[in-house]
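Grab a pencil and work through these short exercises with the model open beside you. Each one has a task and then a solution in steps.

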Amino acid sequence: MAFFIETMLGGLMTGMLYSLVALGFVLIFKASGVFNFAQGAMVLVAALAMARFSEWSNAALGGDSLFLANVIGIIGAGAVMFLVAWAVERFVLRKLVNQEGATLLMVTLGIAYVLEGLGQTFFGSEIYSIDVGMPKDPVIMFEGLFEGGVLINKEDFIAAALAAVLVAGLTVFFQKTAIGRALRAVADDHQAAQSVGIPLNKTWVIVWCVAGLVALVAGIIWGSKMGVQFSLVTVALRALPVVILGGLTSVPGAIVGGLIIGVGEKLSEVYLGPFVGGGIEIWFAYVMALIVLLFRPQGLFGEKIINRV
Amino acid sequence: MFYRENGQFKTSYAADQQIFTIAQDKWFVWGLIAFAALAVPMLADEYMFRAILIPFLVLSLAALGVNLLVGYCGQITLGAGAFMAIGAYAAYNFMVRIDGMPLVLAMLLGGVSAAAFGILFGIPSLRVRGLYLAVATLAAQFLCDWAFLRIGWFTNNSSSGSVSVAKLEMLGWAIDSPTEKYLFCLAFVVVFAFIGKNLTRAAIGRQWMAIRDMDVAAEVIGIRPMFAKLSAFAVSSFFVGVAGALWGFVHLGSWEPAAFSVDRSFQLLFMVIIGGMGSIMGSFFGAAFIVILPIFLNQFLPLLGSLVGVTVSTAGISHAELIIFGSLIIFFLIVEPHGLARLWSIAKQKLRLWPFPH
């Protein structure tokens with residue numbers, strides 16, 4: 001029983017991390033109808049920038065203050081993500097207003113290539129580490145409830161808490177602030193939003209910025225967990241079923257989807273994996289999403305799709 | 001001047017319904033095929049065959065298959081690599097497990113297996129579409145990646161996980177030199193291109209296009225969406241599966257599941273979109289672009305570097321390749337969202353009116 005709960009908690013934590021990446025997808029889809037395949041590359045670039053800026057500033061400061069170096073790193077990475085958002089809007093999206101979904105999807109793949117190449121040219125392509133002072137030691141909880149207690153990684157715990165705060169903040173941002181309303185209006189109908197005076201271009205920059213910041217948080221957490229390296233890009237592919245399961249347009253959906261996928265993956269790997277040879281995590285998530293799609297085509301929390309002739 | 005339809009009168013319905021209604025088009029295509037079959041083997045060297053021509057032919061066949069689904073039926077797929085894998089592994093198993101299996105038959109059976117799986121993974125298309133469907137097809141991709149890696153039966157329990165084909169032979173003709181391999185691929189591509197072209201002109205292709213343009217409206221006028229969508233998945237997967245078998249048997253010789261990874265799926269979709277959705281010719285343009293561009297950049301960048309006196313490292317080259325490749329994709333999508341095939345048809349239109357502008 002303790003093992004089961006341990007697995008499940010582990011799954012929930014991983015799920016939270018997936019949600020972080022998934023959030024990036026949802027944000028951009030909500031505001032521009034673009035399915036952003038570059039989210040993985042954005043996570044990579046953000047993490048690379050953060051790792052390198054803090055490394056450089058740490059060297060410049062003489063290794064005195066890791067905290068200061070990290071702050072500089074985060075600010076630098078934030079600036080890079082802003083630059084990315086601005087460039088994407090200025091040079092790509094603005095010229096592709098009103099194009100089909102497939103074209104936009106492909107364009108984000110192109111953006112992903114460019115970001116991967118640029119990021120590695122500027123920041124190098126080795127494996128870097130991010131040290132933001134996350135505790136690495138595991139703790140044992142619920143000792144009174146189960147024999148031996150439940151082993152939890154403190155780092156995961158903090159990461160999950162951070163993700164939860166971020167999500168809560170984003171929900172408030174989307175629902176309560178003027179900019180959030182503007183973003184939702186743009187998502188609803190470009191033309192109508194423009195006609196009531198919402199600047200489309202500015203809104204897109206803002207939403208890509210927000211997605212960039214989410215990518216930065218995801219990059220820092222993933223990066224401090226497993227090092228900053230090229231394979232961070234594949235995190236996006238792991239997060240896709242989360243988005244589909246939760247619904248492309250729903251922020252809470254990204255969270256719930258992430259949790260479901262995280263738990264499902266871990267449980268399937270532990271309890272089902274041994275029978276079929278292991279390594280089933282990645283397709284299991286997709287198959288789960290697929291089954292949900294068959295019954296609810298819009299995902300769990302997505303807006304109902306209505307087809308008109 | 002030369003490209004005019006003036007004076008070409010059709011006197012029968014059959015003549016009016018030909019694939020190429022303009023005689024110049026017909027001669028051009030026949031000339032192209034003759035050139036590819038007769039002149040190219042004499043002109044090209046081994047490197048050309050191995051690195052450019054054979055991959056180009058096989059990938060254009062795959063892109064053609066994807067185009068039937070994405071361009072003609074409007075169902076976005078990111079699982080094409082998986083169907084290539086199924087085609088290749090199924091053909092391999094037919095070859096290994098059945099004695100005296102003819103090569104071509106094994107490849108076609110590989111295509112049939114891919115078609116069967118295509119129907120299976122096409123079922124979600126009845127409920128979802130667009131981006132949701134694209135992600136749903138990724139399920140096929142990851143499931144196949146896993147299955148061919150972990151389930152020993154598919155690879156005939158080979159210890160290294162890679163499978164290889166010993167000898168290619170068709171009716172006593174041993175296909176081992178690059179030229180023969182090229183001709184073998186060319187034959188497949190020509191036949192399948194004609195099949196594809198004719199399918200899209202026939203009733204079934206019209207049904208696909210109706211579904212693509214507006215599936216609810218198509219249903220209202222009496223087209224069965226289930227039949228249309230699943231048949232598109234089946235035909236497309238068949239093409240892609242045969243291409244996969246060719247890729248494994250002829251181009252690679254021995255391969256691992258990584259040869260058909262999700263990157264391959266993306267690559268095929270790129271070919272279709274850059275080449276032109278809903279155009280047979282476009283599939284070829286797209287394949288040529290995607291196959292040749294990385295090779296060109298690979299050769300060209302160090303040269304450029306040495307010209308300006310900078311030695312570019314290999315890592316630098318691969319990054320620069322990524323950047324240029326990505327930018328070109330963005331550029332093409334912005335300048336010509338309808339793909340290279342559109343430029344082709346614009347050029348033809350201009351030629352017809354030449355020397356007048358309108």
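Helices (H or I, at least four residues) and strands (E, at least two) are DSSP runs, numbered from the N terminus. This is a predicted model, where local features need pLDDT of at least 70, side-chain atom pairs count only at pLDDT 80 or more, and totals for chains, interfaces and linings use all residues. Residues are numbered from 1 along each chain as its sequence is written, while chains are lettered from A and ligands numbered from 1 in the order in which they are written.

**Exercise 1.** Work out which elements chain A has and in what order they run.

*Solution.* Start with the tally: chain A holds 11 helices and two strands. Now walk from the N terminus, and you get α-α-α-α-β-β-α-α-α-α-α-α-α.

**Exercise 2.** Check the radius of gyration of chain A against that of a compact globule.

*Solution.* The radius is taken over C-alpha atoms, and the globule rule is 2.2 Å times the number of residues to the power 0.38. For 309 residues that rule gives a value near 19 Å; chain A comes out at 20 Å, so the two agree. As for the box along the principal axes, the C-alpha atoms of chain A fill roughly 65 × 55 × 35 Å.

**Exercise 3.** Place Ala49(A) and decide: buried or exposed?

*Solution.* First, find Ala49(A) in helix α2 (residues 39-61) of chain A. Next, count neighbours: a residue is buried if 20 or more other C-beta atoms lie within 10 Å of its own, exposed if 12 or fewer, and partly exposed in between, with C-beta atoms placed from the backbone. Ala49(A) has 26 within 10 Å, so it's buried. Then list its contacts (C-beta atoms, placed from the backbone, within 7 Å). Leaving out residues up to four places away in sequence, Ala49(A) touches Gly76(A), Ala77(A), Val80(A) and Phe123(A).

**Exercise 4.** Describe the side of chain A that touches chain B.

*Solution.* Begin with the head count: 41 residues from chain A and 38 residues from chain B take part. On the chain A side, α4, α9 (235-246) and α11 (281-295) each give two or more residues. The largest share there, 16 residues, is from α4(A). Finally, sort that side by type (Ala, Val, Leu, Ile, Met, Phe, Trp, Tyr, Cys and Pro are nonpolar; Asp, Glu, Lys and Arg charged; the others, Gly among them, polar). You end up with 28 nonpolar, 11 polar and two charged.

How values were computed
Contact = placed C-beta atoms within 7 Å.
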